[in-house]
Amino acid sequence: MTSAFQSQRSPEDSQAPTLEKKVTTVTILLVEDNSADVVAIRRSLRGEGGDRFQIINVDNLSAAIDQLQGEGASIGVILLDLGLPDSDGVGAVQEISHHAPKIPIVVLTGCEDDETGRQALHYGAQDYLYKGNLRSETLIKSLNHAIERQHILGRLRRSQTHLEEQQTFLRSVMDASPTLMAVKDLAGCYVVANDSLAALYGTTPEQMIGYREYHVNPSQAQARHHEQEELKVVQGIREHQIDQEPCQDLSGGVRWLQSIRRPLLGRSGAVEWVLVVMTDITARQEAERSLWEQAERSRLLGQLTYQIRESLQLPDILQTAASQVRRFLQVDRVMIYSLMRREVVDLKAADCGKGYGILEDGGAALAPMYKFWAVQRAMQRVEQEPLHGAVGFESREQIVEGVSSLIKAGEGLSSNSVLAQIEALRVRSLLVVPILKGEYFLREQHLQAQIGESDELVGLSPSNLPMDFIDEGDLDAENLNQQSTNQQTANQQTVNQQSQDIEGDAQAVVARGRLWGVLVAHHCADERHWPQWEQDFLRNLSEQLEIAIQQATLYDHLSKVNRKLEQLATMDGLTGIPNRRFFDQTLHQEWSRGQRSGQPLALIVTDIDFFKPYNDHYGHLAGDDCLQQVAQALAKVARRSTDLAFRYGGEEFAIILPNTTMLGAIAVAQQVLDHLWSLSLEHAHSKVANQVTLSLGIASFLPSSQQDPGDLIRRADQALFMAKEAGRNRAIALGDALEDLRPIQVLHPHANENPSVDT
């Protein structure tokens, strides 16, 4: 029989060259006290295995243990007789296995007893053989199988150890990760859970294993929702992600989680588990919200800045600012006051939520309080210290305490009136932000020159401060006298104390001079904390309002100058009534308006009779006076706001009468004649009368596209020419038919109520 450890070859293979396979020697520790059995075993092994097996024989258990301790590393297999004199049968297997756990053991027994063999296998033997039925082939096969099984067990042990190490490593990674991870089976029970997830629910991973989520999650609704999501993952065999969802923690706070649920397949290819990975994105949410709020504040500030720069009307700018601030900060009332004078409060803009109004006096009793706090902030700016931006009170108690401190400081506040208005306005929290004057008006370099490099004031008082620094109230006589008295009192003190007092007074004066007003925010629904970003936002807004006030003031000054220049350009410098340039503009405007409205437009042109002889006889100064009196007479007759008298040129005048028929114009012309006649202005060289008289031409058209303002002027000029040709000191009216030169009516001074009509 060929040995099992030798390869067999076919006759054909014998013809080909082969490589000799290296034979590994196996050392057998034979523990047997029967010499005949030892010889038989040696013979059997030699016949089948050749030189493969090397036998070391000992006849007792103690010697075997000594041999294993000495040369155990070289022994490949142990043949152990259970009938040794110093052993108790199968207990010898346990003893040998304890000292050589990695060496396979084959048991030899003299009796054919399966129970003994099973016990031997239980204690660590790989096989057992009955001596009475021992054959060479059986012995060799048993030894080879025992060695191979031991090798397999060794690999399994190493694999198990490696697997345990991997599991420990993965467990450490999972527990160290801030990500919340778990694996659930198809019943929804936890198979794996890490420390982060367990900490969320206030438990341990071991206590979660085998339980469903609703056993550990305080939110039953959320647990049911998660199980529904996991059921979708199992049914659809696809990953499912929830970008963000709230989760209540043990402290009652809300944490935001981003979760991914992924199916895990078993050996059969079917879904057996669901992997749950959740990331706590609360910090990210807070950061994103903070960035969004910052961006929103920047957007609103940019929008307000754009509106401020776009509009040059200060009331519109302030109202826009009040409305936008109230909506952005979600407060109940925002007011903007101008505090340019010490005892005057001027409410410039206000925006209130539903149910929150403004007092009739604008909250005048609170103005000194607002102003005091705003001046303190303005002084910080004057002293070039960091400006905190606002004075905030978070509760009614803090407001009352702040008011009480001002009253104790002698700021002249009435506790009853202030608290009454606070109660009337239902103020629970209060924020005051100063609004200073723009740097353009302050001339800080001039102030620094007054103060000097040593920070000591050089004669700085309201009388020599730059005007833009001075509150108008500081210039009152009573206030100046009071300051003088205070100065005399201060001179009686020590020099150091005097310097400190003067410097403090000067800073307060400068601060008041720089203060334009305040922005006040009221929160009435409940108490409110004013975070720093809100104060910074309002501070930045107040800086933009400073620019707006500066721009609006410049624009107002420029508008006044422009109006003055326009007035100078359109007014006659001698008579004080509009000139020919303004006449042309007005006539075209009224003509266009008449075309749109379908209303008539009348024109009266007049000329002073024989004015050159008057000027030559009485002189140019008297002539100028005559022109002024005639102009005033015409302006007095033109009573309606739309009726205007003009100096047309030289001694010629005109009156434009919008929305006036011919009869209305005739009535006005009669009044002109009568009024001038009543003045009895002496004219010794007139060929008409011994006083100044006028000749008038009257025309009234219904403006249309077929005609133009020039036709109206020509018709009135024709009537004036006819009045002069007819003897002067009269008025002639012509109709709108340009080819018809027949007068409609002729007027004289002191005419009857029914004047004659020439046809």
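The mean pLDDT of this predicted model is 78, and 81% of the residues reach 70 or more. Two stretches fall below 50. The first to be noted, residues 441-504, has pLDDT below 50. Beyond near neighbours in sequence, residues 441-504 nevertheless have 80 contacts in the model. Residues 751-759 also have pLDDT below 50. For residues 751-759, eleven contacts beyond near neighbours in sequence are present in the model.

Two helix pairs were examined. Two packed helices are described by the angle between their axes and the distance between the axes. Helix α3 spans residues 61-71, and helix α4 spans residues 91-99. The axes of α3 and α4 come within 10 Å. They cross at roughly 15°. This angle is under 35 degrees, so α3 is roughly parallel to α4. The α3 and α4 crossing is right-handed. From α3, the contact draws on Leu61, Ala64, Ile65, Leu68 and Gln69. From α4, it draws on Ala92, Glu95, Ile96 and His99. Six residues of this contact are nonpolar, two are polar and one is charged.

The other pair is formed by α21 and α22. Helix α21 covers residues 620-637, whereas helix α22 covers residues 662-679. Their axes come within 9 Å and cross at roughly 140°. An angle of roughly 140° lies outside the parallel, antiparallel and perpendicular ranges, and α21 and α22 are therefore oblique to each other. The crossing of α21 and α22 is right-handed. On the α21 side, the contact residues are Gln629, Val630, Ala633, Leu634, Lys636 and Val637. On the α22 side, they are Val668, Gln671, Val672, His675, Leu676 and Leu679. By class, the contact of α21 with α22 comprises eight nonpolar, three polar and one charged residues.

His617 was considered separately. His617 lies in helix α20, which runs over residues 611-618. The relative accessible area of His617 is 44%. This value falls between the 20% limit for buried and the 50% limit for exposed, so His617 is partly exposed. His617 and His685 are 68 residues apart in sequence. In space, the C-alpha atoms of His617 and His685 are 7.7 Å apart.

How values were computed. Residues numbered from 1 in each chain as written. Predicted model: local features only at pLDDT ≥ 70, side-chain atom pairs only at ≥ 80, totals over all residues. Heavy atoms only, no water. Axes fitted to C-alpha atoms, helices over the stretch in contact; angles between N-to-C directions. Helix = DSSP H or I, 4+ residues; strand = E, 2+ residues; numbered from the N terminus. Parallel < 35°, antiparallel > 145°, perpendicular 65-115°, else oblique. Left-handed = near helix turned anticlockwise from the far one by under 90°. Contact = heavy atoms within 4.5 Å. Nonpolar A, V, L, I, M, F, W, Y, C, P; charged D, E, K, R; others polar. Buried < 20%, exposed > 50% of the residue type's maximum accessible area, 1.4 Å probe, protein only. pLDDT = per-residue confidence, 0-100.
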